[in-house]
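User: I would like a close look at a single part of this model. Please keep it brisk and give the cut-offs as you go.

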Amino acid sequence: FLSGNAYYDGSNWKYATSTDATNYYQTGREHIWRSAASGTAGNNITWSESMRIAAAGGIKIPNQNATNEITFTGTDFTNVLSASTGGFQLGTTGAGYLSFLTSNSEAIHIDSSGNVGIGDSSPTGNYGKNLQIHTAATSGSSLQLTDGTTGGGVNDGLQIICTNGLSYIWNRETTDMVFATSNLERMRIDA
């Protein structure tokens with residue numbers, strides 16, 4: 001144990017002086033940092049875990065209001081997490097992908113080319129970028145909407161495409177296209 005303003009009396013951790021306390025220790029191949037708010041000299045300390053590095057290398061930072069940057073460096077790229085009162089950034093500095101999880105399953109995947117998949121870990125399309133607002137290349141951009149009826153392939157569903165200065169609204173199914181305004185159907189194009 002390495003401690004600041006703390007000592008162990010054989011049964012409890014106690015404050016050495018009337019200020020905050022810190023503590024670091026290793027157990028089971030894990031590294032654990034703890035802290036405690038200011039207390040009275042001689043009183044018991046109630047520790048709050050500040051950070052843990054697990055035996056497998058994972059990092060856990062519980063109950064924090066981060067205002068600084070955390071960088072995780074690997075052999076191929078660096079992951080960066082930065083938060084402040086002005087904003088939040090999360091990303092990679094190399095050609096890796098970025099993935100967002102919910103319920104321990106991938107919900108959003110952004111590949112190294114900038115393609116975004118929601119519920120799809122390999123976003124692809126017939127034209128340039130998927131779910132892209134702008135691209136500097138002339139290969140184009142597309143937004144593809146599919147469901148369980150249309151299937152999820154590159155020739156399924158509805159696509160909104162912009163390529164080489166041309167714009168398309170492309171129904172790739174053998175169904176009608178309906179246009180509506182003010183909650184009323186105004187035009188229908190038969191399949």
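With which side chain does the side chain of Lys14 make a polar contact?

Analyst: The partner is the side chain of Asn44, at 2.6 Å. A polar contact here is a pair of N or O atoms within 3.5 Å; within protein, one must be able to donate a hydrogen and the other to accept it, and residues adjacent in sequence count only if both atoms are side-chain atoms.

First, the ground rules. This is a predicted model, in which local features need pLDDT of at least 70, side-chain atom pairs count only at pLDDT 80 or more, and totals for chains, interfaces and linings use all residues. Residues are numbered from 1 along each chain as its sequence is written, and side-chain values use heavy atoms, with hydrogens and water left out.

Now the setting. Lys14 sits in strand β3, residues 13–15. Strands are DSSP runs (E, at least two residues), numbered from the N terminus. Lys14 counts as buried because its relative accessibility is 15%. The classes are buried under 20% relative accessible area, exposed over 50% and partly exposed in between, with a 1.4 Å probe and protein chains only.

Next, the neighbours. Contact means heavy atoms within 4.5 Å. Setting aside residues within four places in sequence, Lys14 is in contact with Asn5, Ala6, Tyr7 and Asp9. Gly42, Asn43, Asn44 and Ile45 are also in contact with Lys14. Asn44 therefore appears twice: in this contact list, and as the polar partner of Lys14 within the N or O cut-off.

Ile45 leads on to the core. With its neighbours within four places in sequence left aside, Ile45 is in contact with Lys14, and also with Asn5, Ala6, Trp13, Tyr15, Ala21 and Ala36. Ile45 belongs to the largest nonpolar core, which has seven residues. The other members are Ala6, Trp13, Tyr15, Ala21, Ala36 and Trp47. Such a core is a set of buried Ala, Val, Leu, Ile, Met, Phe, Trp, Tyr and Cys residues joined through side-chain atoms within 4.5 Å.

Put the pieces together. Asn5 and Ala6 are in contact with Lys14. Asn5 and Ala6 are in contact with Ile45 as well. Ala6 is itself a core member. Trp13 and Tyr15, also core members, are in contact with Ile45. Buried Lys14 thus has a polar contact to Asn44 and contacts to the core residues Ala6 and Ile45.

Terms used
Helices (H or I, at least four residues) and strands (E, at least two) are DSSP runs, numbered from the N terminus.
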